[in-house]
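Reader: I would like to take a close look at a single part of this model, the place where aromatic rings may meet. Please go slowly and explain each term as it comes up.

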Amino acid sequence: AEAGRYGCARCHPAAFPAVADPPPGPSLADLGRRAGKTWLLNWLADPAAVRPGAHMPALFTPDRAGYAER
C-alpha cells in the first residue's frame, strides 16, 4: 500500500511487480500561494507548453468552450 501511495513502482517496477496503483498526483496544498489564475489557465490549456515533459495531457479544447470549461 505504501509503495502505491508514494509511486515507488513508477521508477522501480521490477522491485514492486504487484503494484499497479497509478502514480500520485502533485500536492495541491497551498496552491493559491504557488500559482496564480493565469498560470493555472495556461497549465490546464496545455501543460507541456508550461513545463516541457509534463505528464498531464491537454484535456480541454483550445476553443471558447474549452476556455469556459477551464
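How many aromatic pairs does the structure hold, and where do the residues around the rings lie?

Author: The structure holds one aromatic pair, where a pair is two rings of Phe, Tyr or Trp (for Trp, its six-membered ring) with centres within 6.5 Å. Its partners are Trp-39 and Trp-43, whose ring centres are 5.5 Å apart and whose planes meet at 10 degrees, so the pair is stacked; planes under 30 degrees apart are called stacked, over 60 edge-to-face, and the rest tilted.

Before going on, please keep in mind that this is a predicted model, in which local features need a pLDDT of at least 70 and side-chain atom pairs count only at pLDDT 80 or more, while totals for chains, interfaces and linings use all residues. Residues are numbered from 1 along each chain as its sequence is written, and side-chain values use heavy atoms, with hydrogens and water left out.

The pLDDT, which is the predictor's confidence in each residue from 0 to 100, averages 86 over the protein chain, and 96% of the residues score at least 70.

Both rings belong to helix α4, which covers residues 37–45, and Trp-39 and Trp-43 are four residues apart there, about one turn of the helix; helices here are DSSP runs of H or I with at least four residues, numbered from the N terminus. The two partners differ in their cover, because Trp-43 counts as buried at 11% relative accessibility, whereas Trp-39 is partly exposed with a relative accessible area of 38%. Buried means under 20% relative accessible area, exposed means over 50%, and partly exposed is in between, with a 1.4 Å probe and protein chains only.

Trp-39 also takes part in a nonpolar surface patch of about 230 Å², together with Leu-40 and Val-50. Such a patch joins nonpolar side chains (Val, Leu, Ile, Met, Phe, Trp, Tyr) within 5 Å, and like charges within 9 Å, from residues with over 30% relative accessible area and no salt bridge, a salt bridge being a side-chain nitrogen of Lys or Arg within 4 Å of a carboxyl oxygen of Asp or Glu. The areas come from the Shrake-Rupley method with a 1.4 Å probe, and for residues only the protein chains shown count as cover.

The third member of the patch, Val-50, is found in helix α5, residues 47–50, and is partly exposed, with a relative accessible area of 31%. Among the elements of the protein chain, α5 has the highest mean pLDDT, 94, while helix α1, residues 2–6, has the lowest, 74.

Between α4 and α5 runs a loop that holds Asp-46, a partly exposed residue with a relative accessible area of 35%. The C-alpha atoms of Asp-46 and Pro-62 are 8.8 Å apart in space, although the two residues are 16 apart in sequence.

For an aromatic residue elsewhere, look at Tyr-6, whose place is in helix α1 and which is exposed, with a relative accessible area of 51%. Its C-alpha atom is separated by 28 Å from that of Lys-37, with their positions 31 residues apart along the chain. Helix α1 also holds Gly-4, which is buried at a relative accessible area of 7%.

Note on methods: Helix = DSSP H or I, 4+ residues; strand = E, 2+ residues; numbered from the N terminus.
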